Amino acid sequence: MPTTTETDRLNGLPRAELVQQLLACLDIPRWAADIADRRPFADVTAVYQASDAAAPELTPEEINGALAAHPRIGERVTGEGTSATFSRNEQSGVGGGDAGLARALREGNEAYEQRFGHVYLVCASGRSGAELLAILHSRLDNEPAAELRIVTDELRKIARLRLAKVIEG
């Protein structure tokens, strides 16, 4: 009797459906297509290796496109898609009941966006709102090029966490 592996579902998905699921992890079409085209995956390690190898260098346009798919930290996430569901879960520790924290996050987001021209992005999973605010403040003095490298790393962290959820099905 054949056994199923954790990757059988991914290997069996129509390419377009898999690409859509991967875009919910990281909204960069080139990255998603590259991973989908590396199938079949022998195991979960192979999926992560494909993810790491896909689009090793991201263009500023790709980064900006991926950032557009992320809500501001502390804002109520709307929408029904997979990416919105991921974001709601990742920001669940922000603590929407604290008006002072909500105001500080809103002000911090505005200052960050004025400084860098894009949404503040951080891997929020498992972090409190106060911790995310502290990280935001610590990054405001970064040089734009250094901040872009940090944002790229954060995009990859988020993509890896979300990819684990896609693998789990």
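Which residues does glycine 129 touch, not counting residues up to four places away in sequence? Keep that in mind as you start the tour. The model on your screen is predicted.

**Stop 1: glycine 129**

Select glycine 129. You are in helix H8, which covers residues 129–139. Show what surrounds the glycine. Apart from residues up to four places away in sequence, glycine 129 touches Gly93, Val94, Leu101 and Leu105. Now pick glycine 93 as well. The two glycines are 36 residues apart along the chain, and their C-alpha atoms are separated by 6.4 Å. Is glycine 129 buried or exposed? Its relative accessibility is 1%, so glycine 129 counts as buried.

**Stop 2: the aromatic cluster**

Move to helix H7, residues 99–116. Select tyrosine 112 and phenylalanine 116. Both lie in this helix, four residues apart, or about one turn. Tyrosine 112 is buried, at a relative accessible area of 0%. Phenylalanine 116 is buried too, at 12%.

Turn on the rings. The whole structure holds two aromatic pairs. In the pair of tyrosine 112 and phenylalanine 116, the ring centres are 4.7 Å apart and the planes meet at 50 degrees, so the pair is tilted. Add Tyr120 to the selection. Ring pairs link Tyr112, Phe116 and Tyr120 into a cluster.

**Stop 3: glutamate 147**

Stay with those two H7 residues and add glutamate 147. This glutamate lies in helix H9, which covers residues 144–168. Which residues is glutamate 147 in contact with, leaving aside its neighbours within four places in sequence? They are Tyr112, Phe116, Arg139 and Asn142. Two of these names, Tyr112 and Phe116, also belong to the ring cluster. Check the accessibility of the glutamate: at 0%, glutamate 147 counts as buried, because buried means under 20%.

**Stop 4: arginine 162**

Follow H9 along to arginine 162, which lies in that helix. Arginine 162 has 1% relative accessibility and counts as buried. Draw a distance from its side chain to the side chain of serine 83. There is a polar contact here, at 3.4 Å. Then list the contacts, leaving aside neighbours within four places in sequence. Arginine 162 is in contact with Ala24, Cys25, His70, Ser83, Phe86, Ser87 and Glu90.

**Stop 5: lysine 165**

Go on to lysine 165, also placed in helix H9. Is this residue buried, partly exposed or exposed? Its relative accessibility is 32%, so lysine 165 counts as partly exposed. Now select cysteine 25. In sequence, lysine 165 and cysteine 25 are 140 residues apart; in space, C-alpha to C-alpha, they are 9.1 Å apart. Cys25 has come up before, among the contacts of arginine 162.

**Stop 6: the largest cavity**

Return to arginine 162 and look at the space beside it. The search finds one cavity of 30 Å³ or more. How much space lies in the largest cavity? It is about 80 Å³. Select its lining: His70, Pro71, Ile73, Ser87, Glu90, Gln91, Tyr120, Leu121, Val122, Ala124, Ile158 and Arg162. H6 and H9 are the elements that give two or more residues to this lining. Colour the lining by class. You should see seven nonpolar, three polar and two charged residues. Tyr120, from the ring cluster, is one of the lining residues.

**Stop 7: the largest pocket**

Select Gly74, Glu75, Arg76, Gln91 and Val94. Of the 20 residues that line the largest pocket, these lie nearest its centre. The pocket holds about 370 Å³ of space. Helix H6 (82–90) and H7 are the elements that give two or more residues to its lining. Which element gives the most? H7 does, with seven residues. By class, the lining has six nonpolar, seven polar and seven charged residues. Gln91 appears in the cavity lining as well.

**Stop 8: valine 19**

Finish at valine 19, in helix H2 (residues 15–23). Valine 19 has 12% relative accessibility and therefore counts as buried. Leaving aside neighbours within four places in sequence, its contacts are Ala32, Ala33 and Ala36. Last, select glutamine 114. Valine 19 and glutamine 114 are 95 residues apart along the chain, with 33 Å between their C-alpha atoms.

Conventions:
Residues are numbered from 1 along each chain as its sequence is written. This is a predicted model: local features need pLDDT of at least 70, side-chain atom pairs count only at pLDDT 80 or more; totals for chains, interfaces and linings use all residues. Side-chain values use heavy atoms; hydrogens and water are left out. Buried means under 20% relative accessible area, exposed over 50%, partly exposed in between (1.4 Å probe, protein chains only). Contact means heavy atoms within 4.5 Å. A polar contact is a pair of N or O atoms within 3.5 Å; within protein, one must be able to donate a hydrogen and the other to accept it, and residues adjacent in sequence count only if both atoms are side-chain atoms. Rings of Phe, Tyr and Trp (its six-membered ring) pair if their centres lie within 6.5 Å; planes under 30 degrees apart count as stacked, over 60 as edge-to-face and the rest as tilted. On a 1 Å grid over the protein atoms alone, a cavity is a set of points where a 1.4 Å probe fits but cannot get out, and a pocket is an open set with protein on both sides within 12 Å along at least five of seven lines; lining residues have an atom within 4 Å of a point. Grid points are joined across faces, edges and corners, and a volume is the space filled by probe spheres set on the points. Ala, Val, Leu, Ile, Met, Phe, Trp, Tyr, Cys and Pro count as nonpolar, Asp, Glu, Lys and Arg as charged, and the others, Gly among them, as polar.
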